[in-house]
Amino acid sequence: MNPLRSLARNLLLNRLSWNNEVRVKKYLRMLSNPLYFRNHFRYGLIGDEVRIDASTKCQLKCPICPTATGENRERPIGWGNLSFAHFKEFVDRYPGIRKIELSNWGEIFLNPEIEEIIRYGYEKDIELTAINGVNLNTINEKVLEALVKYRFRAMTVSIDGATNESYQQYRVGGNLEKVIQSIERINRYKEQYQSPYPKMVWQFIVFGHNEHEIAEARGMAERLRMLFLPKLNAYSVYSPVRDKEAAKRESGLDATSRMEYKQKNKRYYGIPCSQLWFSPQINWDGKLLGCCVNGWMDFGNVFESGLAECMKGEKIEYARQMLLGKKGPREDIACTTCPYYRRDESLMFQGAEETDSDAKM
């Protein structure tokens with residue numbers, strides 16, 4: 001058997017017990033595409049997708065976010081924006097990469113060159129997304145139009161409340177009215193350009209202070225033509241849910257905390273380990289972080305050494321072997337100090353669901 005097919009089969013079928021049928025089909029479809037195999041030999045990843053953080057700056061002061069608290073400024077993540085020059089160079093150099101996720105630790109619309117980035121991605125037929133999330137509090141009219149005009153594919157808008165009072169308890173410094181106005185402007189441009197893009201998701205983290213507004217928020221999302229997505233709080237000690245049964249009923253979730261979810265489902269609510277194979281996270285300055293949670297070590301610099309050099313490097317390969325249970329923890333590997341890995345060193349065998357960064361909620 002072709003060695004890459006053997007690797008993929010082992011990884012997907014024998015090692016990872018994927019719990020989501022849609023995800024299984026997605027990855028099996030991925031493996032049938034010759035481009036994805038070429039990308040493995042060229043760049044060291046399976047698939048055609050990477051994540052490049054367009055900005056690690058944020059204007060909000062969410063209480064438990066390391067970007068808002070300033071913690072990330074002291075870590076490899078730093079405080080900065082992806083330059084258009086680096087984005088263009090990356091896209092031109094790696095034609096096999098067809099999808100780029102732009103959001104992670106910050107607010108992408110604080111990047112003064114985001115319009116140029118969106119435009120160039122469109123010109124090169126790259127699918128751009130911000131699925132990890134945006135807050136949409138600071139965005140100018142030209143960028144609102146560019147999202148539609150240049151067919152930005154999808155974005156998740158973090159809106160944890162149906163009223164400004166509830167919304168501002170976590171999104172400190174934000175303004176719900178401004179966010180809704182921006183969404184309405186995007187919808188008007190979608191009508192003008194006769195485009196379904198960008199697809200928009202209303203992400204609602206369920207807290208104790210907003211649980212009574214779930215139904216109202218769902219209705220608002222429907223009127224704004226958004227998918228409504230309730231999400232479990234990553235830090236249950238912060239504003240824990242009060243009426244658990246009502247919150248479950250209104251949200252459609254089977255738990256009100258991630259610990260309860262794990263107890264019920266025998267797996268973690270979400271971990272991003274598969275990104276080291278399928279959609280590696282790159283920081284705004286080129287550091288290869290591997291996944292969207294890692295913010296304390298890197299695996300080299302893609303802008304300086306190249307994608308293949310970093311993705312095929314000894315450190316990230318060792319990390320993959322750790323996640324597959326074939327190697328033990330090592331001091332210079334980011335996964336060793338990851339809270340997910342520390343909880344269970346065989347977590348990749350548990351069929352954990354993919355997620356985006358939980359710290360930047």
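**Threonine 336 and the sheet**

Modeller: Threonine 336 is buried, with a relative accessible area of 18%. Keep in mind that we're looking at a predicted model.

Colleague: Why is threonine 336 called buried?

Modeller: Buried means under 20% relative accessible area. Threonine 336 comes in at 18%, so it counts as buried. Across the protein, 58% of the 361 residues get that label.

Colleague: Where does threonine 336 sit along the chain?

Modeller: You'll find threonine 336 in the loop between helix H16 (314-323) and helix H17 (339-343). Its C-alpha atom is 8.6 Å from that of methionine 322, which is 14 residues away along the chain.

Colleague: What makes the pair formed by the side chain of threonine 336 and the backbone oxygen of arginine 330 a polar contact?

Modeller: The two are 2.6 Å apart. The cut-off for a pair of N or O atoms is within 3.5 Å, therefore 2.6 Å fits.

Colleague: Now the sheet. How do you know that strand E5 and E6 pair?

Modeller: Pairing takes at least two bridges. Strand E5 (residues 199-206) and E6 have six bridges, so they pair, and they do it in the parallel sense. In one of the bridges, valine 201 is matched with leucine 227 in E6.

Colleague: What is the order of strands in the open sheet?

Modeller: The eight strands run E6-E5-E4-E3-E2-E1-E7-E8, with mixed pairing.

Colleague: And why are strand E6 (227-232) and strand E8 (288-290) called edge strands?

Modeller: Each of those two, E6 and E8, pairs on one side only.

How values were computed. Residues are numbered from 1 along each chain as its sequence is written. This is a predicted model: local features need pLDDT of at least 70, side-chain atom pairs count only at pLDDT 80 or more; totals for chains, interfaces and linings use all residues. Side-chain values use heavy atoms; hydrogens and water are left out. Buried means under 20% relative accessible area, exposed over 50%, partly exposed in between (1.4 Å probe, protein chains only). Helices (H or I, at least four residues) and strands (E, at least two) are DSSP runs, numbered from the N terminus. A polar contact is a pair of N or O atoms within 3.5 Å; within protein, one must be able to donate a hydrogen and the other to accept it, and residues adjacent in sequence count only if both atoms are side-chain atoms.
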